[in-house]
Amino acid sequence: MSLRETTQKDCIILDRQVSIANAKAIISAGMGIEIHPEALVRCTAAHDRLQRVIAEDRHVYGLTTGFGSLANRLVDKASGAILQQNLVHHLASGVGPSMSWENARAMVFARLMSILQGASGASSSAINALITVINSQLAPVVPSQGTVGASGDLTPLAHMVLCFQGRGDFTDENGHLIGGQQALAQLGLPAIDLAHRDGLALVNGTSAMTGIAVLNADRAERAVAWSITLTAALAEVQNARTEAWHAAFGVLRPHARQAETARLLRAALHGSERVARGHLADRILTDIARGTEQRAGQDAYSLRCAPQVIGAVWDMLDWHNQVVTTELNAVTDNPIFPDQEGEGALVLHGGNFMGQHIGLASDALANGIDVLAGLAERQIARLTDETLNRGLPAFLHLGAPGLNSGFMGAQVTATALLAEMRTGTAASVQSISTNGANQDVVSMGTIAARQVQHKLDMLAQVQAILALCVAQAMDILAEDNTQLAFSTSALRLLNYVRDYSAPLIQDRPLGQDITALAKAFANDAPPS
């Protein structure tokens, strides 16, 4: 935690840095914020520098010029307020479903963190509006489509500004709409005045994609944890060989999360009597007839290579989270730099608003999510196939065989979900020239981040199906005569699943069970 990111009771004091965990707590869990005095000093200084630039009538994009490919049209500084308002007007062209309450709040928070770096020149009233909304339980209603993530997320942020002007609705966590004027009155906010370049300060930045990526980072951590928990429990119902998860493999191939995944898998099996713990090479074959044995000496890759598969995704997620943390705590617009050796404010025109980092990181995470779903789908297929599942009933059915089909339909659903996940292509490579060829390369970072959310939803559904199958297998094996103990981890998983779905004694519709359990997986870490 940064020295400037301190936590008091129900409050986080923000300066330059915030972690993904604390950002999530602020966005979604009602953790309040206060702004460190040094951050307010920086922001005031940046606004003062901007006012001097305006007074000096400098040639500055968005102050004395038009926008985009119209930047060669010079504008009288006296028209600044109209210029800023027209910026918001022409950009507020978003369409499609509204962003979720959580996504919209994440966007507001990401915009605030960028401005708190002290280089955007936003006014105190604009900053106060962002802070006030975050400290409430409201979010602006903003269309989810229409941004290419090049000059940042211009379109959704423009709709956010309209809401701050009382010209767009707000929503609470339960989806109840509140009219803009009513919401501002409830928040005690005046409508934002854009006279001081606040339009550009509020709309120019990667805030939508970054905010969504923050939420993706938080949720993907849980998806990795569920993959480890489910794989360990699967090993128990399949009497897997644990030597593949030996710590020695991580020493010779020292990817950090491969070793950590193997350690967590071993820890989850503590106390289990349902895995094969010996080493294959300890067996001496001198007096054993050579021939074909019923069981192979090694498990299939969906168990044996789990540390290498899950660990690789986890290592990639760490990189994704590093990129997102950097972007969240960065200036992502055209900044007004501090005074340079008494020469006055330095104004440079560059491209920090280009969202390529988030686009590429989100696409990488999307691939990792597909890998986790592919692993879970193959684990479901093996567990439900009577030729592969080591003596369990076909599709884990109970009751009369043939009359009952067990998890046959659920297994098909898992395959369909995986297929749908694989139809999505990388968004960050889909650049299309736009804006009169001014934005001739664009990031599509927000589309990439949104695709990750959709894939996380489907991954949770596939993992829910796997959990239902593992729980069913545990119930079946508990009736055998061996009385072999399951691990505490597996028993906790079973109890967790049974809170959402009863054992499948006779065939019944499973869609609602899968949906409820998937929603729980999205919000909860595995039980411990």
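**Entry 1: strands β7 and β8.** I began with strand β7 (residues 170–171), which two bridges join to β8 in an antiparallel arrangement. I am working from a predicted model, and I keep that in mind for every entry below. For the partner of T171, I looked in β8 and found L177 standing as its bridge partner. I then followed the pairing outwards and noted an open sheet of three strands in the order β5-β7-β8, with antiparallel pairing. The edges of this sheet are β5 (139–140) and β8 (177–178), each of which pairs on one side only.

**Entry 2: strands β2 and β3.** I next looked up strand β3 (residues 32–35), which is joined to β2 by four bridges, and I noted that the two strands run parallel. Two positions helped me to place the register: C11 has G32 of β3 as its bridge partner, and L14 stands opposite I35 in β3. From β2 the chain passes through helix α1 (residues 20–28) before it reaches β3, and I recorded this β-α-β crossover as right-handed.

Is strand β2 covered on one face or on both? I found that both faces of β2 (residues 11–14) are covered, since C11 and I13 on one side are buried, and I12 and L14 on the other are buried as well. The split into two pairs follows the general pattern, in which the side chains of a regular strand alternate between the two faces of the sheet.

**Entry 3: Q17, between β2 and α1.** I went on to Q17, which lies in the loop between β2 and α1. Its relative accessibility is 33%, so I entered Q17 as partly exposed, the class that spans the range between the 20% and 50% cut-offs. I also took the C-alpha to C-alpha distance from Q17 to A394, which is 53 Å for a sequence separation of 377 residues.

**Entry 4: helix α5 and L112.** How many of the 11 residues of helix α5 (residues 124–134) are buried? I counted eight, and therefore I describe α5 as largely enclosed by the rest of the structure. The buried residues of α5 are A126, I127, A129, L130, I131, T132, V133 and I134.

I then turned to L112, whose place is in helix α4 (residues 101–115). L112 has a relative accessible area of 0%, and so I class it as buried. Leaving out residues up to four places away in sequence, I found that L112 touches I33, I127, L130 and I131. I read this list against the earlier entries: I127, L130 and I131 are among the buried residues of α5, while β3, which spans residues 32–35, includes the position of I33. L112 and I134 are 22 residues apart in sequence, and their C-alpha atoms are 9.2 Å apart in space.

**Entry 5: two residues with positive phi.** I checked the backbone for unusual phi values, bearing in mind that most residues other than glycine have a negative phi. D57, which is not a glycine, has a positive phi of about 55°. I located D57 in the loop between α2 (37–55) and α3 (80–91), and with a relative accessible area of 44% it is partly exposed.

F395 also went into the notebook, as a residue other than glycine with a positive phi near 55°. F395 has its place in the loop between α14 (356–384) and α15 (408–423). Its relative accessible area is 23%, which means that I class F395 as partly exposed.

**Entry 6: the chain as a whole.** I closed with values for the full chain, in which I find 18 helices and 10 strands. Its C-alpha atoms fill a box of roughly 95 × 50 × 50 Å, taken along the principal axes. I noted that 54% of the 528 residues count as buried. Among contacts with a separation of 6 or more, residues 24 or more positions apart account for 76%.

For the surface, I recorded an exposed area of about 22,900 Å², of which carbon and sulfur atoms supply 55%. I listed 37 positive and 48 negative side chains, and the centres of these two sets lie 3 Å apart.

Terms used
Residues numbered from 1 in each chain as written. Predicted model: local features only at pLDDT ≥ 70, side-chain atom pairs only at ≥ 80, totals over all residues. Heavy atoms only, no water. Buried < 20%, exposed > 50% of the residue type's maximum accessible area, 1.4 Å probe, protein only. Pairing = 2+ DSSP bridges. Right-handed = clockwise from strand over helix to strand, strands pointing away. Contact = heavy atoms within 4.5 Å. Areas by Shrake-Rupley, 256 points an atom, 1.4 Å probe, with all protein chains shown as cover. Lys, Arg positive; Asp, Glu negative; His and termini not counted. Charge placed at Lys NZ, Arg CZ, Asp CG, Glu CD.
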